[in-house]
Every structure is written in structure tokens, then in C-alpha cells.
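Thanks for sharing this one. Here are a few notes to read alongside the model.

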Amino acid sequence: MSRELSRFKGGMHLPEHKAESTARPIHAAPLPKKLVIPLRQHIGNPAKPVVEVGERVLKGQMVAAADGYISTAVHASSSGIVVAIDLQPVPHISGLPDQCITIETDGRDEWIAHAPLDYQAMAPTDLRMQLRDLGLAGLGGAVFPSAVKLDPGASHACPTLIINGGECEPWITCDDMLMRHRADEILQGVAIMRHLLDSSEILVGIEDNKPDAIAAMQTAAAGVDFPVEVVKVPTRYPAGGAKQMIETLTGKQVPSGKLSTDIGIQVFNVGTAYALARAIHHGEPLISRLVTVTGHVLRPQNFEVLIGTPMHTLITLAGDRDGTTGVLMGGPMMGIPVPDLNVPIVKATNCILVKSADLFPPLPKALPCIRCTRCADACPAELQPQELFRFAKAGDFGRAQEYHLFDCIECGCCSYVCPSHIPLVDFYRYAKSEIWAREKDKRAADLARERHEFRQFRQEREKKEKAEKLAAKAQAARAQAALDQTRRGELAAAPAAKGAAVNEADAKKALIAAALARAQEKKASTAPKNVDQLTPEQLHQIEEIESRRAKIHQLARNPLEPDKKNP
């Protein structure tokens, strides 16, 4: 039972020009004398060099490590000596140079030690970090780090996995040839993706103008131990866009500003799946890829090319011709002009399209927009290109964002159908770059403001802490002074207190002495006078008193003894 397909809005049929480069087999490009390895070959932070000038490196050795989560490593494509780490021309829409590592090859092509990975025995997080260190990035155009896309997030699963073999842009055939000749390894990579994303539905979407690729993928799918559905999709540009492929195969639309994973779908290019299989089953980092060389050349074909190979090397291999008017990296709809043929092949290079006046006549002079809305009819993202053009031209980037500028996939359909020959996509790219630049400046300004505010906060905090320390020190000094003063007062009062105690004792002694003196005087006053002066009667009374006193004392000593004189 065939799958019911949906139709996305817009799009168009274009002259294909694919047969020119599929008639010849894949050839391996020779090892160049010099490799230029850009550090920024992916979305996110550029890689950070981990080698130095003069150092010998081996094929597959990491020469720059990933810098952060959204980043990936880059590697030496062959053995040789690092001769420079500096700015070099690179294939970029800006035409500006970028940091590169230049390696002078030694001709030995000596590999670093590498071995397969047992991905089923590894923790998913460790496996994704290993893929980041192996330099895996999407080879379908966006070059997004694969380790990030292979993270299902909080849901821990992505039910639907789509392998994109659409390759809808004219002239480009590298994915077609890859599916024809390496379908088994593509599905080996799909098995690893399925393991990491825990996907239950695997769909391979291929445009119906690639019958050989469809047959090869169907044969390979029959030999795997998980269900894979190879689906023929109608040939219509840009059916190979991720969002358009999702809508065609599932009928679902990715909401504006959202990711496909928000609706449970993840999309990978067939080239990415193949590179993943090579990384896991052979331990090979991403150091080469298939590149279509076509257009105004003698022998259009696909080459297996080392990353860093100069583009002019491939054009020479394909047979350069007189009358060349320019070179594009990519196809005629989304490709970017190559400023210098010495620029290197990078991970995003799927095609080198050599132009001529016959194949690509110069565009007529742009005329004012007539508001015909043909661009809106052709837009597969269902935008209003004429309004986006107006806002971008006027520098009204806020309004452009309100009209969903960043949902534009820059497919070029609007520019292709414009009767005024306005290069609409160029205006959209300009607007996006300006918005990104302003956001970058704003982030830098915000960071500077935060740093300034933190500096002020730190200075105020230090000032407050210093004041508190001084206050505490002053209070401690005052307390110590008061304590010292108290101690000095106690020491000064101690002798006086001692003298007072001595005086009090002397007073008591004087009182006791006075009392004793008075007692002596009283006793002396009551004491009997001299015996010679007593009368006989007084003496007799005294004798009687003494006799009775003696008797009383005797009775007190012997109370039971009878009186001998008085029986």
C-alpha cells in the first residue's frame, strides 16, 4: 500500500540538468599539495585550534576542537605539516576571509590510529559527544552539528525519522550518486540515528526523477532488521527542503518559529547518514565528501574530495573551458558566488557549478515592483515576499520579522518568477544579516552593561564592606578604650580601698581597747577595798559567804554524797 502524500504550497518545475554529471562513476580526487581547513564549517561557534604552526599532523587527527555545545571539531584531511593558522579566503556569502589551518601535505596520507565504536554499549550522551569530536555535521546545506540534532531532548524520543534524498535543486547529483552506490552504508547510519532518537517510523523521501537511487535504497531497505519505507515524492522544486519534505510525507506543517522536533519529526540528509556510518563503524572523522562538479566543464562528474582541497583542483580535473563567467558553490537557485578559486572544499560544499554566458545569461536590470504577487504564489513557505522586500529595502527590519522573515528558506522561487527581475533573496539575506548583526551588537552592549553594573555593584559592595570593617574597628577601639579606662580606675581605686580597710581595722581595735579599759575601770570600782580597812562584822560575813560558796562547789562536784555534819 503506497503512502498518501500531501502537496506543499508554491514551488515550481525547473530544468533539471542532472544527467550531465550522473553518466560517469564517482572518482576520488587526488591528494593536493596544500589543504586549507576552515575553522568555521558549521552553524554555531567556530572550532578552536589545538595544533601549532610547525607541528606534524596525521590524517584524521583533530586540529581544532569544538567550542561549546553548538559546535563541532575539524580534522586534518591528510598527513603533513601545519604551515599557517591565519585568515584565508573561504566560500561564504559575505566574501570575507576567515580563520583557517593550512597543512602542507607530505604525500604519505598517514592515518591516525582509529577503530570502530560500539555505539550500542555507549551512553547516548557519550556517543553524541564522540560524534561532535568526530566532526559530524549535516551535509544537506545547513551544516548543523549532528550531535545536537541527534539529541531527542526532554521527550527522550523522536517518533518519526526522515532521511532526505530529495536533492531537488538543478545540476546537483551528489546525493543521487551516493544512494546509487552506497545505499547499504546509508542505512547503517540510519540504524544509528534510530538508536539515538528511539524512532519507530523511518521514511526515506526521494524525488521520482532518481529511479536508480530509489531502486538501490529499496534493495538496501529489504536487508535491514528494522522497517524502512522508501517513498517516491513528486519532482517539484523545492521538495527537498526539510519542511517541504515533512509536509509531503506526513501532511504536517512545522509551525512558524518552531523546530521539526516540536512535532516529533527529525530530518537528516543521506550524506549525513553515510558520514555517521563511517564515523561509527570505521572511526573516521568527517574529512571528505562527494562533490558534484558540473556546468561549463568538459567532464561533469562527482568526486570524493578531501575537505580543504582547493576548488580550482576539481575544476581542472573536470576539464575547465574558455568562456567561464563565474563559479557557484551549490546550485543555481541557492548557490553562493565563489570569490576566489583557491577557496577550499568545506563540509557544506555539495556542488561546484561553473557558469557561462550560454548556460547562465546575465539577468536584466531590475525594475520596480509591480505588485503582481507572483512571488507570493510561488513561495513554498507561504510568505509575502513583496512585503518582505519592501521592509528590507526600507530598513524596517522589525516589520520584516513580523512578516516571518526567518521562515524564508532562501529557495529563490520568488526571484525566479519575478517579472521585474528583482533579486529578492539578496534583500532577504541582507535583512537577516542586519538583524543578526544588531542582535549581536545588542548582546555585546547588554553584556557590557551587565559587566558595568556588576562592576558598580562590586565597588559599592566593597565600599560598604570597607565602611563596615572601619565601623567595626572603631567600635572595637572604643570598647577597648572603655575597658582600659575601667581597668585604670580600678587600679587607681585599689590603694584607697586598702587604706580604708586598714583604718577601719584600727578603729575596731580602738573601740575594743576602749571597751576593755571601761571594763577594767568598772571592775576596779566594784572590787573590795583593802582587808586591813574591813570591820570584824564585814570579815565574818565574807567568811560565811566563802563557806557557803565552797559548799555549793562541793555539792556541784558530788551531788549524792551526804553531808557529814548534818545527817
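1. Glu169 is buried (under 20% relative accessible area, 1.4 Å probe, protein chains only), yet it has no salt bridge, that is, no side-chain nitrogen of Lys or Arg within 4 Å of its carboxyl oxygens. The nearest side chain of opposite charge belongs to Arg429, 8.0 Å away.

2. A word on the source: this is a predicted model, in which local features need pLDDT of at least 70, side-chain atom pairs count only at pLDDT 80 or more, and totals for chains, interfaces and linings use all residues. Residues are numbered from 1 along each chain as its sequence is written, and side-chain values use heavy atoms, with hydrogens and water left out.

3. What does the side chain of Glu169 reach at 2.7 Å? The partner is the backbone nitrogen of Met334. Glu169 also touches other residues (heavy atoms within 4.5 Å), including Lys18, Tyr237 and Gly331.

4. On the surface, Ile43, Tyr69 and Ile70 form a nonpolar patch with about 260 Å² of accessible area together (Shrake-Rupley method, 1.4 Å probe). Patch members have over 30% relative accessible area and no salt bridge, and nonpolar side chains are joined within 5 Å. Ile43 counts as partly exposed (from 20% to 50%) because its relative accessibility is 38%.

5. Arg194 lies in helix α5, residues 183-197 (a DSSP run of H or I, at least four residues). Its relative accessible area is 31%, so Arg194 is partly exposed. Arg194 touches Leu161, Ser199, Ile202 and Phe226, leaving aside residues up to four places away in sequence.

Technical notes:
Lys and Arg count as positive and Asp and Glu as negative; His and the chain ends are not counted. A polar contact is a pair of N or O atoms within 3.5 Å; within protein, one must be able to donate a hydrogen and the other to accept it, and residues adjacent in sequence count only if both atoms are side-chain atoms. Patches are made of residues with over 30% relative accessible area and no salt bridge: like charges are joined within 9 Å, nonpolar side chains (Val, Leu, Ile, Met, Phe, Trp, Tyr) within 5 Å. Helices (H or I, at least four residues) and strands (E, at least two) are DSSP runs, numbered from the N terminus.
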